[in-house]
Amino acid sequence: MLVHDCLKRRLKRCFASRESFSAGRCRTLLRAFAALALVAFSASIALAESCLTSTDMDAATRTALTNSALRYFDLIAKGDAASVRQNSIPSLAGDFSGIESTIKENQPPLAGAKATARPPFLLEEEGTATIPRAEFFCGVFGKNGQTAGSAAFSLNSLAPGKYGVIIVDASSLKGMYTVSLILQQQGSDWKLGGLYIKSAQLNGHDNDWFIARAHDFQSKGQTHNAWLYYLVARSLVSPLPFMSTAASDKLYDDSQKLQPGDFPADGKTADLSAPTAPGTTAGTATYKLTALFPEAVGSDLDLIVRYQVADVSNTNQTYQSNVAVMKALITKYPELRDAFAAVVARAVDPNGHDYGTMLVMKDIK
């Protein structure tokens, strides 16, 4: 029992220290916990946190969550932000501009969409104080981690209470979308506490397409492209940024085998050498890359590169540095031309101010 409790404490610390709870170290501990128990387990590792899947909860709660989610979806699809606000928890209703913008932006593709609610999850945080970081492990976990129907959630600044997580799949003429609603129980009602809407496709392609393209790149020896396309697939398969499933975990495992050691990742920077920008002392400069990731820009898939600079106030000089970084990046990794339409370089100073420049691939010479 002491080992069991120790693993629980180590898991809690591990997940609290990671941005993504798919991180390998945490997942290894999770598998150790499952193996030690010798049986699949439900609910949360922390006694104050519990989770029920749809099959675990009573029929009345399951129906109430599903019906509430579909009712709110109908209001969102109609663009009725005022009614959504009236049915939100007080803290959200008092600062509703972000949700209102999300509804306005996504109402056109959701209008007339066919909505299907996935099985809900019920999370409960006990106690009297807000939890800085709450972890929920829902459903059946086996010796290898998650199984079909299970999920893990990592939520920051969570107040005690009961929460429903319902994901609605919306099929429209403009493609597939996921509308994820976080509901909080207020008396006998389920009020909106959070809303996340995202397309399940990127430029008309779903996660399976990007996985297939990643395999193609890998077969050609283009492992950098393969890893970047796995990132897109993981993003498309994950409707919520704080949710992990068996599908997202498998993509994480597959992508980890290809993660380039010379790309910035997991808080680690990467050096990129490039000729100094015009107007500065001639020579070679070493830039510290902090992030490199794909992003949809209009109908294109572009590559975003962020790097450190001391100052961005001289925009002409920063522009030249951005161009130098993009040229050096494509010179070092020419395979990127096959995967992306353009590169966006963003110089970031110590205060977080940034300045970006975009060049289409044909203009990077």
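**Note on helix packing and the five-stranded sheet**

1. Helices α8 and α9 are roughly antiparallel to each other, because an angle over 145 degrees counts as such and theirs is about 170°. Their axes lie 9 Å apart. Helix α9 covers residues 246-256. This is a predicted model, so every point below concerns a prediction.

2. Which residues make the contact between α8 and α9? From α8 come W227, Y230, A233, R234 and V237. From α9 come A247, S248, L251, Y252, D254 and S255. By type, the contact holds seven nonpolar residues, two polar and two charged.

3. A second helix pair has another geometry. Helix α3 (residues 59-77) and helix α6 (residues 97-110) have axes that come within 8 Å. They cross at roughly 95°. That angle falls in the range of 65 to 115 degrees, so α3 is roughly perpendicular to α6.

4. The α3 side of this contact consists of F73, I76 and A77. The α6 side consists of I103, Q107 and L110. Five of these residues are nonpolar and one is polar. None is charged.

5. Now the sheet. Five strands form an open sheet in the order β12-β13-β14-β15-β16. The pairing is mixed. Which strands stand at the edges? They are β12 (270-275) and β16 (354-360). Each has a single partner strand, so one side of each is left without a neighbour in the sheet. From one strand to the next, the twist averages 35°.

6. Inside the sheet, β14 (residues 300-308) and β15 (residues 342-348) run parallel. Six bridges join them. Within this pair, I304 stands opposite V344 of β15.

7. Two helices pack on the sheet. Helix α8 (residues 223-237), already met in the pair with α9, touches β13 (284-297) and β14. Its direction makes about 40° with that of β13. Helix α10 (residues 315-332) touches β12, β13, β14, β15 and β16. The direction of α10 makes about 50° with that of β16.

8. G356 is worth a look in the viewer. Its place is in strand β16, one of the edge strands. Is G356 buried, partly exposed or exposed? It counts as partly exposed, because its relative accessibility is 31% and the class runs between 20% and 50%.

9. What does G356 touch, leaving aside residues up to four places away in sequence? The answer is N322, A345 and R346. N322 falls within the residue range of α10. A345 and R346 fall within that of β15. The C-alpha atoms of G356 and Y319 are separated by 7.6 Å. Those two residues are 37 apart along the chain.

10. E135 sits elsewhere, in strand β4 (residues 131-138). Its relative accessible area is 4%, under the 20% limit, so E135 is buried. The E135 side chain has a polar contact of 2.9 Å with the side chain of R133.

11. For the whole chain, the counts are ten helices and 16 strands. Of its 365 residues, 48% are buried. Take the contacts with a separation of 6 or more: residues 24 or more positions apart account for 62% of them.

Notes:
Residues are numbered from 1 along each chain as its sequence is written. This is a predicted model: local features need pLDDT of at least 70, side-chain atom pairs count only at pLDDT 80 or more; totals for chains, interfaces and linings use all residues. Side-chain values use heavy atoms; hydrogens and water are left out. Two strands pair if DSSP finds at least two bridges between them. Helices (H or I, at least four residues) and strands (E, at least two) are DSSP runs, numbered from the N terminus. Axes are lines fitted to C-alpha atoms, for helices over the stretch in contact, and angles run from 0 to 180 degrees between N-to-C directions. Contact means heavy atoms within 4.5 Å. Buried means under 20% relative accessible area, exposed over 50%, partly exposed in between (1.4 Å probe, protein chains only). A polar contact is a pair of N or O atoms within 3.5 Å; within protein, one must be able to donate a hydrogen and the other to accept it, and residues adjacent in sequence count only if both atoms are side-chain atoms. Angles under 35 degrees count as roughly parallel, over 145 as roughly antiparallel, 65 to 115 as roughly perpendicular and the rest as oblique. Ala, Val, Leu, Ile, Met, Phe, Trp, Tyr, Cys and Pro count as nonpolar, Asp, Glu, Lys and Arg as charged, and the others, Gly among them, as polar.
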